[in-house]
Amino acid sequence: MHKHHVRTVDTTPFSGQYDSVNAGQYTLLNNLWGEYDATAGSQTSQIISMEGSTIAWKTNWTWTGGNQVKSFANIQLNTGINQQLSAISKMPSTWHWSQSNTGAVVADVAYDLFTSDTAGGSNVNEIMIWLANVNSGPISAKYNATGQAVPVLKNITIEGRTWNLYSGSNGYNHVYSFLLTSGTVKSFKGDIYPFLSYLIHKEGMSSSQYLTTAQAGTEATSGTAKFTTSAYSL
């Protein structure tokens, strides 16, 4: 019987703006990059455990004021990146998570990938795969009369689920966002490379781009929530 090695990891909670903890091939990042937009609030993250290549972690956050994203607590993969997309054929991933909200919450749960023209270079494309949209919305070049983002493509089937694709700019790089047409996915097991492949074949993204960042976490805008990942691997 094959037994996964249970790693000794640092489970100390941390709350600093850019605090982080390494564990195996991953780093847990607190990443309160937009906290300046809040009138008050905080976020505390910590690793729970790690077994083999599967990690468990959690974050508790509360934010008031402002309409922008305040934080993106996330697990970042540090191995196997900085490859050209043409050299990657699959990116199998498992992600089981839950979130308990207090009051009105604005947030999302998503994979967040970046590509560049060179290994380790500046961001050219950001690719988000949203597993949950909690009263939030993606970056988009077009919005309708009620302020809702307008997708560039609708009802795309990838990994057995149906998505809408949004496209726009955050002022620094292009952003592609895949959002479920309905519902949430709290237990994902599949391949995230087909999302990149779709953009290469349908949206003209170059396969010579390098995958420079691969993260997965929760973007928090306002409210109070407890987010727990019981199992994640990439």
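How much surface does the chain expose, and what percentage of it do carbon and sulfur atoms supply? Here are some points to guide a first look.

1. **Starting point.** Please keep in mind that this is a predicted model. To take up the opening question, the chain exposes about 10,900 Å², and carbon and sulfur atoms supply 47% of that area.

2. **Layout of the chain.** The secondary structure comes to 13 strands and one helix. Reading from the N terminus, the order is β-β-β-β-β-β-β-β-β-β-β-β-α-β. The radius of gyration is 17 Å, close to the 17 Å given by the globule rule for 234 residues, so the chain is as compact as a globular protein of that length. Along the principal axes, the C-alpha atoms fill a box of roughly 45 × 45 × 35 Å.

3. **Inside and across.** Of the 234 residues, 48% are buried. If you take the contacts between residues at least 6 apart in sequence, 70% of them join residues at least 24 apart.

4. **Charges.** The chain has 12 positive and 13 negative charges. The mean position of the positive charges and that of the negative charges are 10 Å apart.

5. **The largest nonpolar core.** This core has 48 residues. Those with the most contacts inside it are I55, W95, Y111, F178, I192 and Y232. Helix α1, residues 193–202, gives the largest share of this core, with six residues. Apart from it lies another core, made up of eight residues, including L32, V105, A220 and A225.

6. **A closer look at Y111.** It is worth pausing on Y111, one of the residues with the most contacts inside the largest core. Leaving aside neighbours within four places in sequence, Y111 is in contact with S93, W95, I127, M128, I129, L131, F188, I192, Q215, A216 and Y232. Three names in that list, W95, I192 and Y232, also appear among the residues with the most contacts inside the core.

7. **T27 in strand β2.** T27 lies in strand β2, which covers residues 26–29. With 6% relative accessibility, T27 counts as buried, because the cut-off for buried is under 20%. Its contacts, not counting neighbours within four places in sequence, are S20, V21, N22, N74, I75, Q76 and N78. As for S71, this residue is 44 residues from T27 along the chain, and the C-alpha atoms of the two are separated by 16 Å.

8. **T212 in strand β13.** T212 belongs to strand β13, residues 210–233. Its relative accessible area is 11%, so T212 is buried. Beyond residues up to four places away in sequence, T212 touches I81, N82, F114, T115, S116, T118, G120, G121 and N123.

9. **Two backbone angles to check.** Which residue in strand β9 has a phi near 55°? That residue is N155, and the value is positive although the residue is not glycine. Strand β9 runs over residues 153–158. N155 has 55% relative accessibility and therefore counts as exposed, as the cut-off is over 50%. E159 also has a positive phi near 55° and is likewise a residue other than glycine. E159 is found in the loop between β9 and β10, the latter being residues 161–169. At 33% relative accessibility, E159 counts as partly exposed.

Definitions and conventions. Residues are numbered from 1 along each chain as its sequence is written. This is a predicted model: local features need pLDDT of at least 70, side-chain atom pairs count only at pLDDT 80 or more; totals for chains, interfaces and linings use all residues. Side-chain values use heavy atoms; hydrogens and water are left out. Helices (H or I, at least four residues) and strands (E, at least two) are DSSP runs, numbered from the N terminus. Buried means under 20% relative accessible area, exposed over 50%, partly exposed in between (1.4 Å probe, protein chains only). The radius of gyration is taken over C-alpha atoms; the globule rule is 2.2 Å times the number of residues to the power 0.38. Contact means heavy atoms within 4.5 Å. Accessible areas come from the Shrake-Rupley method with a 1.4 Å probe; for residues, only the protein chains shown count as cover. Lys and Arg count as positive and Asp and Glu as negative; His and the chain ends are not counted. The place of a charge is taken as NZ of Lys, CZ of Arg, CG of Asp or CD of Glu. A nonpolar core is a set of buried Ala, Val, Leu, Ile, Met, Phe, Trp, Tyr and Cys residues joined through side-chain atoms within 4.5 Å.
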